[in-house]
Structures are given as C-alpha cells and as structure tokens.
Amino acid sequence: HFCPDPGGSDWTSDCVDTCETSSECRSGYACKTFYEGRGCGGTGYGNPGDACYSFRACEGEMTCLEWTGGYCATIDCWSSDECPSGSYCVAAGSDIVCAKDCLWSDDLCRLSEGYHCDCAMDADGTRQWVCLAPGVYSDPCY
C-alpha cells in the first residue's frame, strides 16, 4: 500500500492498496493511477473535467488533478481509447491526461474558473479540442 496525494483541495489522504486492475479492489473502489502508482481508491460521481476536492470525488479510475478548483481526469494514459467517454488522452502541461472534450466551444469548459478550450494532439495523433486549466497548455495542433 501507499498514501497518495489526495488531489484537489483535500489535505487528508487515505492509504490505498496497490492494484493493477479494478477487479482487485473492493466494491465502490476502482484502481486509480496516482503520481505515486496505482491503488484502490473510492469513487464518486465526478465526470471528466468536473471540479473536485479529492480523488474520491471522481468516477471510476479518474483522480483529482490539482488544477484550479480540481479537475477529474485519468492520468498517464497511452491512448484516447483508455479514456472515459467525453475525454481524450493529451499532453497537458507536464502531465498526460484524459482531458474533457469541449467540441470547439469554451462554453463547455469552466469559464468562471478560467478554463479554456484548446486544440491538442491526442496520443493517437488526432486533433482534439479539450478543456484545460488557466496556465496549462498542450502542444499546438496547427
């Protein structure tokens, strides 16, 4: 087991059992990827790009990035096929994450918190429009 950074604004951490797949975790838990490794963490209802206070607020294998207001995402993806519906695997700042699809519209991002819709090449080499936090940019896809 290990004690991951909880993410978001939550300052308390739960220690988690290591895992390779969600089938190794108890009911209500999923095998989430943290910066420290993969571990069984509680799941909530947060969808890709939703605000979060802790990894426990995010659905399935997503964790809570410490972006403005928290950001539910899967980290260290290799392909958009690994991402939850409505998100794409892109390089964002120093991370590779499943970022929320914004379909060319800033309106689908959290504008009041400074999020923006930006074009990014996904891990599969396809142009995608995703919601990114203030100050977080991807390699341009033009």
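This dialogue reads the fold and several disulfides of a predicted model.

Visitor: Which secondary structure elements does the protein have, and in what pattern do they follow one another along the sequence?

Guide: The secondary structure comes to zero helices and eight strands, and read along the sequence the pattern is β-β-β-β-β-β-β-β. The radius of gyration is 14 Å, close to the 14 Å that the globule rule gives for 142 residues, so the protein is as compact as a globular protein of that length. Along its principal axes the C-alpha trace spans about 45 × 30 × 25 Å.

Visitor: How much of the protein counts as buried, and what supplies the area that the protein exposes?

Guide: Of the 142 residues, 49% count as buried, while the protein exposes about 7,200 Å², of which carbon and sulfur atoms supply 51%. As for contacts with a separation of 6 or more, residues 24 or more positions apart account for 38% of them.

Visitor: How many positive and negative side chains are there, and how far apart do the centres of the two sets lie?

Guide: There are 7 positive and 23 negative side chains, and the centres of the two sets lie 4 Å apart.

Visitor: What is a disulfide, and how many does the count come to here?

Guide: A disulfide is a covalent bond between the sulfur atoms of two cysteines. With pairs of cysteine sulfur atoms counted when they lie within 2.5 Å, the count comes to nine disulfides. One of them is formed by C58 and C72, with their sulfur atoms 2.2 Å apart. This pair links distant parts of the chain, since C58 sits in the loop between β2 (37-42) and β3 (63-65) and C72 in strand β4 (residues 71-73), 14 residues apart. Both C58 and C72 are buried.

Visitor: Why is the disulfide of C58 and C72 called left-handed or right-handed?

Guide: The torsion about the S-S bond of C58 and C72 is about -85°, so this disulfide is left-handed. For C83 and C98, whose sulfur atoms are 2.0 Å apart, the torsion is about -75°, so that disulfide is left-handed. C83 lies in the loop between β4 and β5 (87-92) and C98 in strand β6 (residues 95-100), so the pair ties together parts that are 15 residues apart in sequence.

Visitor: Which handedness has the disulfide of C102 and C117, and are these cysteines buried or exposed?

Guide: The torsion about the S-S bond of C102 and C117 is about 80°, so the disulfide is right-handed. The pair links C102, in the loop between β6 and β7 (116-121), to C117 in strand β7, 15 residues apart. C102 counts as buried at 0% relative accessibility, and C117 counts as buried at 12%.

How values were computed:
Residues numbered from 1 in each chain as written. Predicted model: local features only at pLDDT ≥ 70, side-chain atom pairs only at ≥ 80, totals over all residues. Heavy atoms only, no water. Helix = DSSP H or I, 4+ residues; strand = E, 2+ residues; numbered from the N terminus. Rg over C-alpha atoms; globule rule 2.2 N^0.38 Å. Buried < 20%, exposed > 50% of the residue type's maximum accessible area, 1.4 Å probe, protein only. Contact = heavy atoms within 4.5 Å. Areas by Shrake-Rupley, 256 points an atom, 1.4 Å probe, with all protein chains shown as cover. Lys, Arg positive; Asp, Glu negative; His and termini not counted. Charge placed at Lys NZ, Arg CZ, Asp CG, Glu CD.
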